[in-house]
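Here are some exercises to work through with the structure open beside you. Try each task yourself before you read its solution.

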Amino acid sequence: MTNDQGQIGIIMGSDSDLPTMQGAIAICEEFDVSCEVAIVSAHRTPQRMVDYAQTAHQRGLKVIIAGAGGAAHLPGMVASLTPLPVIGVPVSTRHLQGVDSLYSIVQMPAGIPVATVAIGNAKNAGLLAVQILASQQPELLERVQQYRQTLTQSVMDKQAALEKLGYQQYLSQMS
Ligand code: RP5
């Protein structure tokens, strides 16, 4: 079990999920929130999953982000083993494009919630985890507010460019 000190645990069923899950890691880095990253498979390393989930809160984690694809049992099983909030990331799959992952993660029974983001949207999982932390950390809350302002500003900049260029020139500069 990893001894890294982090506030957010980012786990995934396979290293093949890492390209997707890097979106959540990047958000932690952007907000200077510490995270620990680990491969924890519900099916291939079930005991490691149990150990990870049962000790997560004792190791100082505040939120767990769990990504998996296919028969994506990792987020739900981890949620059943920890009192911490769990955010599930459905990883896209070759045959079913991640719909299998989404259904596996989102349809949790009452009593054991998993906050499920869109297929492949680990960025939103990272943001949601940061926002959960920010509810108890005023400085982080301020940074979340600033982040939202940058989103607003980027849309307004696009609007200004659209008005200036007209839609045809705007479209041509997009490609
Ligand atoms: C799941 O099976 C993992 O989360 C991954 O998305 C999928 C495929 O794993 P690999 O065969 O690429 O290791 O458990």
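**Exercise 1. Sort the residues of the shell around the ligand into nonpolar, polar and charged.**

*Solution.* This is a predicted model, so take its contacts as computed values. Start by listing the residues around the ligand: Gly13, Ser14, Ser16, Asp17, Arg44, Ala68 and Gly69. Next, sort them, remembering that Gly counts as polar here. Ala counts as nonpolar, while Asp and Arg count as charged. The shell then divides into 1 nonpolar, 4 polar and 2 charged residues.

**Exercise 2. Find which side chains and which backbone offer an N or O atom to an oxygen atom of the ligand.**

*Solution.* Begin with the side chains. Asp17 places a side-chain N or O atom 2.5 Å from a ligand oxygen. For the side chain of Arg44, the distance to an oxygen atom of the ligand is 2.7 Å. Then turn to the backbone, where an N or O atom of Gly69 is 3.1 Å from a ligand oxygen. Finally, look at coverage: on its own the ligand has 360 Å² of accessible area, and the protein covers 65% of this. The ligand takes up the space of the largest pocket.

**Exercise 3. Decide whether Ser41 is buried or exposed, and find its link to Arg44.**

*Solution.* First locate Ser41: the loop between β2 (35–39) and α2 (46–55) holds this residue. Its relative accessibility is 8%, and the cut-off for buried is under 20%, so Ser41 counts as buried. Now follow its side chain, which has a polar atom 2.8 Å from the backbone nitrogen of Arg44. Arg44 is also one of the residues around the ligand.

**Exercise 4. Compare the settings of Asp32 and Gln97, two residues with a positive phi.**

*Solution.* Recall the background: most residues other than glycine have a negative phi. Asp32 has a phi near 55 degrees, and for Gln97 the value is about 60 degrees. Next, place them on the chain. Asp32 is in the loop between α1 (18–30) and β2, and Gln97 is in the loop between β4 (86–91) and α4 (99–106). Last, check accessibility: Asp32 is exposed at 60%, whereas Gln97 is partly exposed at 47%.

**Exercise 5. Write out the order of helices and strands, starting at the N terminus.**

*Solution.* Count the elements first: the chain has 7 helices and 5 strands. Reading from the N terminus, they run β-α-β-α-β-α-β-α-β-α-α-α. To complete the picture, note that 39% of the 175 residues count as buried.

How values were computed: Residues numbered from 1 in each chain as written. Predicted model: local features only at pLDDT ≥ 70, side-chain atom pairs only at ≥ 80, totals over all residues. Heavy atoms only, no water. Near = heavy atom within 4 Å. Polar contact = N/O pair within 3.5 Å; in protein donor to acceptor, adjacent residues only side chain to side chain. Areas by Shrake-Rupley, 256 points an atom, 1.4 Å probe, with all protein chains shown as cover. 1 Å grid on protein atoms, 1.4 Å probe; cavity = no way out; pocket = protein on both sides within 12 Å on 5 of 7 lines; lining within 4 Å. Sits in = over half its atoms within 2 Å of the grid points. Helix = DSSP H or I, 4+ residues; strand = E, 2+ residues; numbered from the N terminus. Buried < 20%, exposed > 50% of the residue type's maximum accessible area, 1.4 Å probe, protein only.
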